[in-house]
Every structure is written in structure tokens, then in C-alpha cells.
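Trainee: I have a structure open and would like to work through its fold with you. Could we take it step by step?

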Amino acid sequence: MRRTDPVGHDPVGRHPAGHDPVGHGPVRYGPHLPDDGLPVLPELSAVLAAAAGRGHEEPAGGAPALLDTACAYWDRRGLPTEPGHVAAAPGAGALLLALTAALDGDVLVPRPCAAWWAPYARLLGRPVFHVPTPAESGGVPDPYAFLETIRRVRAEGGAPRLLVLSVADDPTGTVAPPELLHETVEAAAGEGLHLVSDETWRDTLHDPHATVLLSPAEMFPERVTVVTDLAGALLPPGWPAAVARFPASAAGDGLHARVLDVLTALGARVAAPVAAAAGYALAEPEPVTERRSAAVRLHARVATAVHTAVVAAGATARPPQAGRHLYADLGPLRDALGARGVGDAQDLEEYLAARLGMPAPGGHRFGDDLQALRVRLSTGPVVGGGTVEQRAACLLSPDPLELPHVQRALIGLKSVFDDLRDAQRWEPPR
């Protein structure tokens, strides 16, 4: 019997410590896409409200108006796209489920990876193999580890067919360098795999002038499907909409058709009012681009402050480069955490969530080793703790970190980590 993970990770969250798995592993308890903590853009609300009377059903895969704006969105990013190579769905999860169903075979993902990737493959009974990422970034597997995993899977009778990756990563908040991306994509193409590039966070680079982001679709367009969830930078998470760009080839046309069949069978259609808001956002009018730029600047500053507090306490974390999150390794604080009953990632999740007053999903949610003390910290709860007016003020303040509700949240976070640092200094080695 083939293993579904090269290193034996238990996908449902059970472990030797004897935790009751209910509430720890099932998909319904998994972490959501990080929220931005900000009020909805008024112009978006107006578009949604104006379309609220639309009671008709949108076609599976999206109406022509939405597909046209998606094409223009990708055209502006150097990825020429025709409407016949695009599909829309109520969230990236529906698209990934449809893609996985349409592509027979085993699935490979980086370790760690976005929490929502693997459950769709497992739902379909597909084995999922996690491949380690290199030290400098997450989201893209190390090419040598990737090839070794392919070799091992095939030796065990497997049929690797799909690689899911992300150049701007959740959970690590890092951006894969172009040379690493090229090596891994070239290796995957050479092994005959199809790639799904999750580009949900591509428009949230903290320093776009210093960070080079390339899409795998620019390198091997005939083998890459791009998926973008608009909750990353354009819509609130509660308005589910995502778009996919398929290869412009005969194989891409076939894949597009099979995905539309799955979306139709699932009834996975974007609600008409949400489709109107999605089309408006994808067209990137000035209110949308101004809000996005202001939100990215805000979350970049908060992420830097959180990273500083985590590292100062003795934990490690890659400097965040995109999105609204970072990934911290509290292994150096293991003795102090152990004295508090924290022995694995589930314990760490519960410990930090209780003390920080905000979600802190453990690394096991992202396919990481349960015994490793890793956690994803998000900036949205730091920003979103105040009133609507206070949250809106974050976008306009010259120093948002000094706003009372943001300052309180950061002081609380720093206090929790400083306490662990101080306890670690006095805790005798085990």
C-alpha cells in the first residue's frame, strides 16, 4: 500500500500525545484565507448593491463580461489571455477541486503549503505528496527534492500528474526567486506534470521594486494553469470569486472543458452580485488600485513589526515579502513552551490563540511536521481589532502602528513572545 506522504505526516491531525482529533484536523476547522481587517471599499459595496436585484443564474465558468475583465487583468501582467481560456468560480477551492478532478493522478505540493490545497485532492481520493521547500523561500519545492520525490513515488507504483505551487506564498509570506522557480518548473515540465500556479497573493508585494515575481505561465505556458482568488487583493473573503487561466493549446482546451463540466456538476457558479463586484475589481479602476496599494503598505508595516517581535524573542521566521502573514518557527523556544504544556504544533496553536486573542494556526495545518513548533501569524487581526472608523484610519495614518488599537495588539503580541524568551533563558536544558 502506497503512502500518501513521503515523510508520514498524518493529514487529519492525530498524534501520539493523545489529542482528540475532533476539531484539530477536519477540513471544516482549518484556517481561512487571511482577512485584511479593513472595511469594505465603498465603491465595491455600491457595485454589489446595484447588482443585488439580479436574480438570474450565472453560467458555470463565468459570464462573458467577467471573463473579459479577467483577460484584461492578465494582459496587464504580461500574460495574454483569451476568454475561451478562462473560467470563474466561487473561490479558488472550487477551481482547484475541478482541476484535480480533471487531471488524473497523484498530486505534489510544497511543504508547507496553503491549508486549502491538499484537502481537495484527498476528497477525491488522490494521494498527496509534500516536497520540502528551500531555506530562502516557501511556495515552490526544492527542485532536487522534487525530482527525488517523483522518483520515489513512481518506484512505489504512483502516477504523479499535478504540481501545485505558489510564487507569492501562503503560509510563509515569501516570494520564490526566479532562478529557483525556473529550475522547479523546468523539472516538473520535464517529468510531464501539469502545474497549477496559485497567484492569489501576486498583487500584494511589500516592496515591488525590490522583489521580482514571475509566473510559471511565463516560463512554460503550455503546462501551467494560473488560479487567482480575488480575496487576496481585490475582494473581501466573504464575497467568493476566483478566476483561472488555462494554457492556449489543444490540451489546455480539453482541460478547460473538463473543468467546466466539474463546475457545472457542482453548481459552482459565482453569484451575480458578486460577479459584478469581481468584474469591477478586476478592471482595476482607481479606487480599487488606491485601496490595494494602501492596504499592502499597511500590512507590510505590520508584518515587519510582527517579524521583529518574533525574531527578537529568539524564534525564527523568513522576512515576509507578500500577503498578510508570516511563518514562525518556535523551535528555539521549545523548552519554555514545553514547561507550559506545549509539545507540538496543535498545542502551540491553542496556546498562542488563547494568549494572543487571534487565530494562530499551527504548521500541521499547512502540511508541516506536527512535532515542529511552527505557526502562521497574520496581520489582519492586528489591524481589525478596532471599530470601523479605527480600521479605516489605518489606511490614512502616516504612522498606523501608533494607532491605539494597533499598538495594543502589537504590545500584546510582543509581550507573549518576550515572556517565552525570558522563560527560555531560565529553563534548564532537557
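Trainee: Which residues does Leu163 touch, not counting residues up to four places away in sequence?

Mentor: Happy to start there, keeping in mind that this is a predicted model. Leu163 is listed with Trp74, Leu108, Phe146, Leu230, Leu235 and Leu282 as the residues that touch the most other members of the 57-residue largest nonpolar core. Leaving out residues up to four places away in sequence, Leu163 touches Leu108, Val109, Pro141, Phe146, Thr184, Ala188, Leu193, His194, Leu195 and Val196.

Trainee: Which residues does the second, separate core include?

Mentor: Nonpolar side chains tend to be buried together in soluble globular proteins. Here a second core, separate from the largest one, has 40 residues. Among them are Ala309, Val310, Ala313 and Leu377.

Trainee: Let's turn to the sheets. In what order do the seven strands of the open sheet lie?

Mentor: The pairing in this sheet is mixed. At its edges stand S1 (86-89) and S3 (128-132), and each has a single partner strand, so one side of each is left without a neighbour in the sheet. Neighbouring strands are turned by 25° against each other on average, ignoring direction. Read across, the order is S1-S7-S6-S5-S4-S2-S3.

Trainee: Which residue stands opposite Val86 in S7?

Mentor: Val86 lies in S1, which spans 86-89. S1 pairs with S7 (residues 242-245) in the antiparallel sense, over four bridges. Opposite Val86 in S7 you will find Arg245.

Trainee: What angle does the direction of helix H2 make with that of S1?

Mentor: H2 covers residues 64-75 and packs on the sheet. There, the helix touches S1, S6 (224-229) and S7. Its direction and that of S1 make an angle of about 115°.

Trainee: What handedness does the crossover from S4 to S5 have?

Mentor: S4 (residues 160-165) and S5 pair in the parallel sense over four bridges, with Ser197 in S5 as the bridge partner of Leu165. Between these two strands the chain passes through helix H6 (residues 178-190). This β-α-β crossover is right-handed.

Trainee: Which residues of S5 point the other way from His194, Val196 and Asp198?

Mentor: In a regular strand, side chains alternate between the two faces of the sheet. S5 (residues 194-198) is mostly covered, with five of its five residues buried. His194, Val196 and Asp198 point one way, and the residues pointing the other way are Leu195 and Ser197.

Trainee: How many of the residues of S6 are buried?

Mentor: Look at both sides of the strand: Val224, Val226 and Thr228 point one way, whereas Thr225, Val227 and Asp229 point the other way, and all are buried. S6 is therefore largely enclosed by the rest of the structure, and the count of buried residues is six of the six.

Trainee: In what sense do S6 and S7 pair?

Mentor: On one side, S6 pairs with S5 in the parallel sense over four bridges, where Leu195 stands opposite Val224 and Asp198 has Val227 as its bridge partner. With S7, Thr228 of S6 stands opposite Val243. S6 and S7 pair over four bridges, and the sense is antiparallel.

Trainee: What covers the buried residues of H9?

Mentor: H9 (residues 272-282) has 10 of its 11 residues buried, so the helix is largely enclosed by the rest of the structure. Those buried include Ala272, Pro273, Val274 and Leu282. What covers them includes H1 (42-50), H2, S7 and H10 (286-312).

Trainee: Which residue with positive phi follows H9?

Mentor: H9 spans residues 272-282. The residue in question comes after this helix and has a phi near 55°. That residue is Glu284.

Trainee: And in the sheet of three strands, which residue stands opposite His325 in S10?

Mentor: This open sheet has the order S8-S9-S10, with antiparallel pairing. S8 (316-317) and S10 (374-378) are at the edges with a single partner strand each, so each has one side without a neighbour in the sheet. S9 (residues 325-329) and S10 pair over five bridges, and opposite His325 stands Ser378.

Trainee: Finally, where does UniProt place the domain feature?

Mentor: The unreviewed UniProt entry names it "Aminotransferase class I/classII large". The span is 43% helix and 15% strand, and its end C-alpha atoms lie 39 Å apart. UniProt places this domain at residues 61-350.

Technical notes. Residues numbered from 1 in each chain as written. Predicted model: local features only at pLDDT ≥ 70, side-chain atom pairs only at ≥ 80, totals over all residues. Heavy atoms only, no water. UniProt positions renumbered as here; feature names shortened; annotations may be inferred. Pairing = 2+ DSSP bridges. Axes fitted to C-alpha atoms, helices over the stretch in contact; angles between N-to-C directions. Contact = heavy atoms within 4.5 Å. Buried < 20%, exposed > 50% of the residue type's maximum accessible area, 1.4 Å probe, protein only. Right-handed = clockwise from strand over helix to strand, strands pointing away. Core = buried A, V, L, I, M, F, W, Y, C linked by side-chain atoms within 4.5 Å.
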